[in-house]
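Q: I should like to learn how to read a protein structure that I have not seen before. Could you guide me through its features in order, with the general idea before each case?

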Amino acid sequence: MQSACRCVAVAWRLDFGCGVARLARVRILFINGPNLNLLGRRETGIYGRTSLAEIKKRVLQHARSLRVDVDFCQSNHEGKLVDLIGAAPGRYGAIVINPAAYTHTSVALRDAIAAVGLPTVEIHLSNIHAREDFRHRSLTAPVCAGQICGFGPLSYLLGLDAAVALAKATRKQP
Ligand code: DQA
């Protein structure tokens, strides 16, 4: 399992006392739901052979090229995921979430996303709309800015691009 994320509070605006102010770096929180810790060996015909650790590496590399900061978390527990979302305001400009199976079942995750009001991007490795009927419905997508699915690990990089654009568009200018 990925370790719990490192949480660092950042002010959106830094004032240097000489009239010069600049925006702090954009910080994005990635949240991964149940069984994604098993990527690479779990149903590889659907999810591929790339592990979550490798996906995290690619996301951090892309984040460096965009000059943004990313924290990357995974939990199999619904309440832990709710806690991560609830603690995000003031620390992150946007969330990227792969709620995994909770996509289709969790009113609690949906309510948490709606409650914090942070721009949130839902992502999936597989195209959930091309799979079993029960995967076609997402309880979380309606409270997210949008959904990216079906691109394998690339969904994570596209999710980061979208989240950075949303975080920059919604943050306050000095
Ligand atoms: C998933 C799709 C979900 O339906 C499934 O329960 C997952 C992974 C994906 O990334 O494709 O665990 O979120």
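Q: Among contacts in the protein chain between residues at least 6 apart in sequence, what percentage join residues at least 24 apart?

A: In this predicted model, the share is 75%. One pair separated in sequence is V164 and V96, which are 68 residues apart along the chain and 9.8 Å apart in space, C-alpha to C-alpha.

Q: How many helices and strands does the protein chain have, and in what order do the elements run?

A: The protein chain has five helices and seven strands. Read from the N terminus, the order is β-β-β-α-α-β-α-β-α-β-β-α.

Q: How should I read a single strand, for example β6, and which way do its residues point?

A: One looks at burial and at the direction of each residue. Strand β6 covers residues 120-124, and five of its five residues are buried. T120, E122 and H124 point one way, whereas V121 and I123 point the other way.

Q: Which strands pair with β6, and in what sense?

A: Pairing is read from the bridges between strands. Strand β5 (residues 94-98) runs parallel to β6 and is joined to it by three bridges. Within this pairing, I95 stands opposite T120. The connection from β5 to β6 passes through helix α4 (residues 107-116), and this β-α-β crossover is right-handed. Strand β7 (residues 146-149) also pairs with β6 in the parallel sense, over four bridges. There, G146 of β7 is the bridge partner of V121.

Q: How do I read burial for a single residue: is R67 buried or exposed, and is A100 buried or exposed?

A: A residue is buried if 20 or more other C-beta atoms lie within 10 Å of its own, and exposed if 12 or fewer do. R67 counts as exposed because it has 9 C-beta neighbours inside 10 Å. A100 counts as buried because it has 20 such neighbours inside 10 Å.

Q: What is the phi value of each of these residues, and where are they found?

A: Phi is a backbone angle, and its sign is worth noting. For R67, phi is near 60°, a positive value in a residue other than glycine. R67 lies in the loop between α2 (52-66) and β4 (69-74). For A100, phi is near 55°, again positive in a residue other than glycine. A100 is in the loop between β5 and α4.

Q: Which residues surround the ligand, and how do they divide by character?

A: A ligand is read through its shell of residues. Here the shell consists of N35, N98, A100, A101, T103, H124, L125, S126, I128 and R135. Four of the shell residues are nonpolar, five are polar and one is charged.

Q: Which residues of the largest nonpolar core touch the most other members?

A: The largest nonpolar core has 42 residues, and I28, F30, I31, I95, V96 and A163 touch the most other members. Helix α5 supplies the largest share of this core, seven residues. Leaving aside neighbours within four places in sequence, F30 is in contact with V59, V70, D71, F72, C73 and V96.

Q: Why does V164 count as buried, and what does it touch?

A: V164 is found in helix α5 (residues 154-170). V164 is buried because 22 other C-beta atoms lie within 10 Å. Not counting residues up to four places away in sequence, V164 touches V26, I28, L66 and V68.

Q: What percentage of the protein chain counts as buried?

A: Of its 174 residues, 37% count as buried.

Technical notes:
Residues numbered from 1 in each chain as written. Predicted model: local features only at pLDDT ≥ 70, side-chain atom pairs only at ≥ 80, totals over all residues. Helix = DSSP H or I, 4+ residues; strand = E, 2+ residues; numbered from the N terminus. Pairing = 2+ DSSP bridges. Right-handed = clockwise from strand over helix to strand, strands pointing away. Contact = placed C-beta atoms within 7 Å. Near = placed C-beta within 6 Å. Nonpolar A, V, L, I, M, F, W, Y, C, P; charged D, E, K, R; others polar. Core = buried A, V, L, I, M, F, W, Y, C linked by C-beta atoms within 7 Å.
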